[in-house]
Amino acid sequence: MHGSRISTGTRRGLAAAVAAGTLLTALTTATSASASTASTPVDGSRVVCTSKKPGLAPALSHDIADALHGRKGASALSVYDPHTGTRCDFKAGTHFDSASVVKVTVLGALLRQTQEAHRELTPREVKLTTAMITKSDNKSTSALWRQIRPAGIKHFLSLADMRDTVPGAGKAWGLTQITAGDQLKLMQLLAKDNTVLTADSRGYALDLMHRVAPDQRWGVPAGAPATTDVHVKNGWLPRDTGGWRVNSVGTFTGSGHDYSMAVLSTGSRTMKYGVDTVEGAARVIHRDLTH
């Protein structure tokens, strides 16, 4: 019978192995139960969504793909809702001409510079930033772009982990190369506490984006619930080749349900067509996230 004995060390090892296996099974089950991923093809790419809310990932991926299917030109988007642990991406790493959505990056870079200099915005800077965001004023943007300088823009991009964003050369801030993924990072930076922008800086930026001129409140706000506070910045740019660039980024707050999104497009024959592409995706996103 001596040969059938199991040593104390072996018993401990078996117990540990059983416990580890049980724990692994529990963790795997918990992970699969807490988040699900769904992917839907559209025009040669895929809309990929992950969510902790049962049924939301497949609904969103299907509805976004359906909204974008057959649209001429190219588009991309990124969405994040911390309330339901939901993230959706469609060609989130593809580069697009920024047009005026880069103005939020310009504002972020300026606010970071003032923080590092331990100073407030000057009256001139308040005037320029207000015109840049609420009216999308190009002259104000050019003045701030010159003031901040390329090094200041790149410094902010590095701190914000917007590593796929390439500032436009020289004075061409509107040709900054952006991605939906990086724009979502920027929106999240404004929406939650972080070490890059203080609460005061974030509040200033969000207030300006909340006060955008009425005729510029199209894009990602389309379909947002009436109880939601909208913070938006749009960009639109026609070019000799590739048609219209129409982009929209925003963050939405209210009723304890805050989320952000970025929708980019290029190759539209008219501005209206680009706006329709962006708003078609935004409407189903708002609907699925808030119902």
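# A tour of the sheet, the disulfide and helix 4

Among contacts in the protein chain between residues at least 6 apart in sequence, 63% join residues at least 24 apart. The model on display is predicted.

**The whole chain.** Begin with the protein chain in full, coloured by secondary structure. The chain comprises eight helices and nine strands. Switch next to a surface representation: the accessible surface comes to about 14000 Å², and carbon and sulfur atoms account for 57% of it. Of the 291 residues in the protein chain, 46% are buried.

**The sheet.** Return to the cartoon and select the strands of the open sheet. The sheet has seven strands in the order 1-2-4-3-9-8-7, and their pairing is antiparallel. At its edges are strand 1, residues 36–42, and strand 7, residues 229–239, each of which pairs on one side only. From one strand to the next, the twist averages 10°.

**Strands 1 and 2.** Starting from the edge at strand 1, add residues 45–51, which form strand 2. Seven bridges pair strand 1 with strand 2 in the antiparallel sense. Which residue of strand 2 is the bridge partner of A38? That partner is C49, a residue to keep displayed for a later stop.

**Strand 3 and its neighbours.** Select residues 74–81, which form strand 3. Six of the eight residues in strand 3 are buried, so this strand is largely enclosed by the rest of the structure.

Take the partners of strand 3 in turn:

- Strand 9, residues 259–268, runs antiparallel to strand 3 and is joined to it by seven bridges. Show L77 here, and V263 of strand 9 will be found opposite.
- Strand 4, residues 86–90, also runs antiparallel to strand 3, with five bridges joining the two. Here D81 stands opposite T86 of strand 4.

Now centre the view on the connection between strand 3 and strand 4. These two strands form a hairpin with four residues between them. Within the turn, select G85, whose phi is positive at about 60°.

**The disulfide.** Keep strand 2 and strand 4 in view and display C49 and C88 as sticks. How far apart are the sulfur atoms of C49 and C88? They lie 2.1 Å apart, and the two residues form a disulfide. The link is right-handed, with 115° about the S-S bond. C49 belongs to strand 2 and C88 to strand 4, so the pair ties together parts that are 39 residues apart in sequence. Are C49 and C88 buried or exposed? Both cysteines are buried. A search of the whole structure finds one disulfide, and C49 and C88 form a disulfide. C49 thus appears twice on this tour: as the bridge partner of A38 and as a member of the disulfide with C88.

**Helix 4 and L128.** Leave the sheet and select residues 123–134, which form helix 4. Within this helix, display L128. L128 has a relative accessible area of 13%; because the cut-off for a buried residue is under 20%, L128 counts as buried. Which residues does L128 touch, not counting those up to four places away in sequence? The contacts are S140, A143 and L144. For a final distance, pick the C-alpha atoms of L128 and N138: these residues are ten apart along the chain, and the two atoms are separated by 9.8 Å.

Conventions:
Residues numbered from 1 in each chain as written. Predicted model: local features only at pLDDT ≥ 70, side-chain atom pairs only at ≥ 80, totals over all residues. Heavy atoms only, no water. Pairing = 2+ DSSP bridges. Axes fitted to C-alpha atoms, helices over the stretch in contact; angles between N-to-C directions. Buried < 20%, exposed > 50% of the residue type's maximum accessible area, 1.4 Å probe, protein only. Disulfide = S-S within 2.5 Å. Contact = heavy atoms within 4.5 Å. Areas by Shrake-Rupley, 256 points an atom, 1.4 Å probe, with all protein chains shown as cover.
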